[in-house]
Amino acid sequence: MPRNAESTAFRSALEVIRGVEPRVADAIGAELADQRESLKLIASENYASPATLLAMGNWFSDKYAEGTIGRRFYAGCQNVDTVEALAAEHARELFGATHAYVQPHSGIDANLVAFWAILADRVEAPALKRAQARHVNDLTEADWFALRRELGDQRMLGMSLDAGGHLTHGFRPNISGKMFDQRSYGTDPATGLVDYDKVAETAREFRPLVLVAGYSAYPRKVNFRIMREIADSVGATFMVDMAHFAGLVAGRVFTGDFDPVPHAHIVTTTTHKSLRGPRGGLVLCGPELADQVDRGCPMVLGGPLPHVMAAKAVALAEARQPDFADYARQVVDNAQALAEGLLRRGARLVTGGTDNHLVLIDVTGYGLTGRQAEQALLDSGIVTNRNAVPQDPNGAWYTSGIRIGTPALTTRGLGTAEMDTTAELIHTVLSQTSAGVGPDGTTSKAKYVLDPALADKVSRQASELLTGFPLYPDVELG
Ligand SMILES: *Cc1c(COP(=O)(O)O)cnc(C)c1O
């Protein structure tokens, strides 16, 4: 019977849950077992610390705290104030920002808060001002229509989806695509890199209200100083969504021109990706936008999640420790080792490599679609996700890319030698997989052929690779 505090805490929690609905306790246990066994290369995932996880499971979940510190719509928020203030303070100190708003429930929510703050700051919109003066439930139908009319033709310039941009940067499947008239900038077809002259040219033509930088699938650094100059040249507000690479900013891998905080008017992020915190988001900004940002709840957010803010405070405190900088450097070293290992074996990579935490393999080099490659790797115990590549010939559903990232495996302690083995496993699977034939006799974009014996062999090799790097080594559920 393990006696350490972490094992005791999680075992006791599961015992209590099992007393009410055993299937939930079983699913939680099974999730840990699955995460321990899989070679997790999903670039947006990580493993939060036991302290971060435990900070979420408590009575803070029972508290309503609409509004923010000093302006609550509910009484009795003194302890919520304590954790919200702590999380904000850690965020400000960690990122060198003057203001931090730590309530967003996710990255999408953080972006919505930022968009509304920018609109309120920049647009002469009486209906918006009326909306902000009141509780969202008190708005009439006419208010909403007036708001839609006023905001209808504001412009946003962001990175295109196939170059690695995010849906929330003005694309149709997301509400931002309805809030803004959007145009995007891509990457140079020859190098795969952001072409700043082209961004400047598009900005001059399009005159956006908001210029957005940030990505989910671009394997390189972005020069935020240049992007800010472009924004200034057309009078745009410059926003950076660092959801994917916040951990590299926190760990001081991205500094100077590559640190978004000193250059952007407003920065948003998730807290659960490379930053390694709980599932959530936050917004950083200067004093000009702070008041509007603080109106995030109830303007666009439901009641804050105080238990998650408590976990954010814990995770941000962890990220301020010196060993988090070592972690962030190792994340990039590992991504580069993985890229080199793949290139050496003949893989084709978008931009030819990486200088952040992710690598984008162009699997058309293996004669596959992203969907086929993703499934074949999954059969072989390697968890990745398919992703479009620039000018993707297979579209956004099948795609031609596999996105892999190192934040999670680096948290487990894997290093550059293990990344080379990982590259070997990935290359083996992809080079041994072939496209299947569809019902009409043509090459399928979804079906694939992979010898199950090979998939099993690679799965075993993947779990062997992980045996030296236990996940949550101090947690034994028994
Ligand atoms: C992941 C991501 C988001 C969305 O985060 P959620 O927490 O899933 O809402 C937003 N922007 C970018 C750039 C991201 O990578």
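**View 1. The surroundings of the ligand in this predicted model.** Of the 14 residues around the ligand, the ones that come nearest are G107, I108, D241, H244 and K273. Helix α5, which spans residues 107–122, gives the most to the shell around the ligand, contributing 3 residues. Three polar approaches to oxygen atoms of the ligand can be followed in this view. From the backbone, an N or O atom of G107 lies 2.8 Å from an oxygen atom of the ligand. From the side chains, a polar atom of K273 lies 2.8 Å from an oxygen atom of the ligand, and a polar atom of S216 lies 3.2 Å from an oxygen atom of the ligand. On its own the ligand has 380 Å² of accessible area, and the protein covers 85% of that area.

**View 2. Strand β10 and the two strands that pair with it.** Strand β10 comprises residues 281–285, and it is largely enclosed by the rest of the structure, because 5 of its 5 residues are buried. Both of its faces are covered, with G281, V283 and C285 buried on one side and L282 and L284 buried on the other. In a regular strand the side chains alternate between the two faces of the sheet. One partner of β10 is strand β9 (residues 266–270), which runs antiparallel to β10 and is joined to it by 5 bridges; within this pairing, T269 stands opposite L282. The strand β4 (residues 99–101) also pairs with β10 in the antiparallel sense, here over 3 bridges, and Y101 is the residue that stands opposite V283.

**View 3. The open sheet formed by β11, β14 and β13.** The 3 strands of this sheet follow the order β11-β14-β13, and their pairing is antiparallel. The edge strands are β11 and β13 (385–387), each of which pairs on one side only. From one strand to the next, the twist averages 35 degrees. Strand β14, made up of residues 401–405, runs antiparallel to β11 and is joined to it by 5 bridges, and in this pairing the bridge partner of D362 is G401 of β14. Helix α15 packs on the sheet, where it touches both β11 and β14, and the direction of α15 makes about 20 degrees with that of β11. Helix α16, covering residues 370–379, lies across β13 and β14 and runs at about 45 degrees to β14.

**View 4. D355 and its contacts in the loop before β11.** The residue D355 lies in the loop between helix α15 (322–344) and strand β11 (358–362). D355 counts as partly exposed because its relative accessibility is 21%, a value to be read against the limit of under 20% that defines a buried residue. When its neighbours within four places in sequence are left aside, D355 is in contact with P219, R220, K221, F254, V332 and Q336. For K221 a polar approach can also be described, since the backbone nitrogen of this residue lies 2.6 Å from a polar atom of the D355 side chain. Q336 is 19 residues from D355 in sequence, while the C-alpha atoms of the two residues are 7.0 Å apart in space.

Technical notes
Residues are numbered from 1 along each chain as its sequence is written. This is a predicted model: local features need pLDDT of at least 70, side-chain atom pairs count only at pLDDT 80 or more; totals for chains, interfaces and linings use all residues. Side-chain values use heavy atoms; hydrogens and water are left out. Helices (H or I, at least four residues) and strands (E, at least two) are DSSP runs, numbered from the N terminus. Buried means under 20% relative accessible area, exposed over 50%, partly exposed in between (1.4 Å probe, protein chains only). Contact means heavy atoms within 4.5 Å. A polar contact is a pair of N or O atoms within 3.5 Å; within protein, one must be able to donate a hydrogen and the other to accept it, and residues adjacent in sequence count only if both atoms are side-chain atoms. Two strands pair if DSSP finds at least two bridges between them. Axes are lines fitted to C-alpha atoms, for helices over the stretch in contact, and angles run from 0 to 180 degrees between N-to-C directions. A residue is near a molecule or strand if one of its heavy atoms lies within 4 Å of it. Accessible areas come from the Shrake-Rupley method with a 1.4 Å probe; for residues, only the protein chains shown count as cover.
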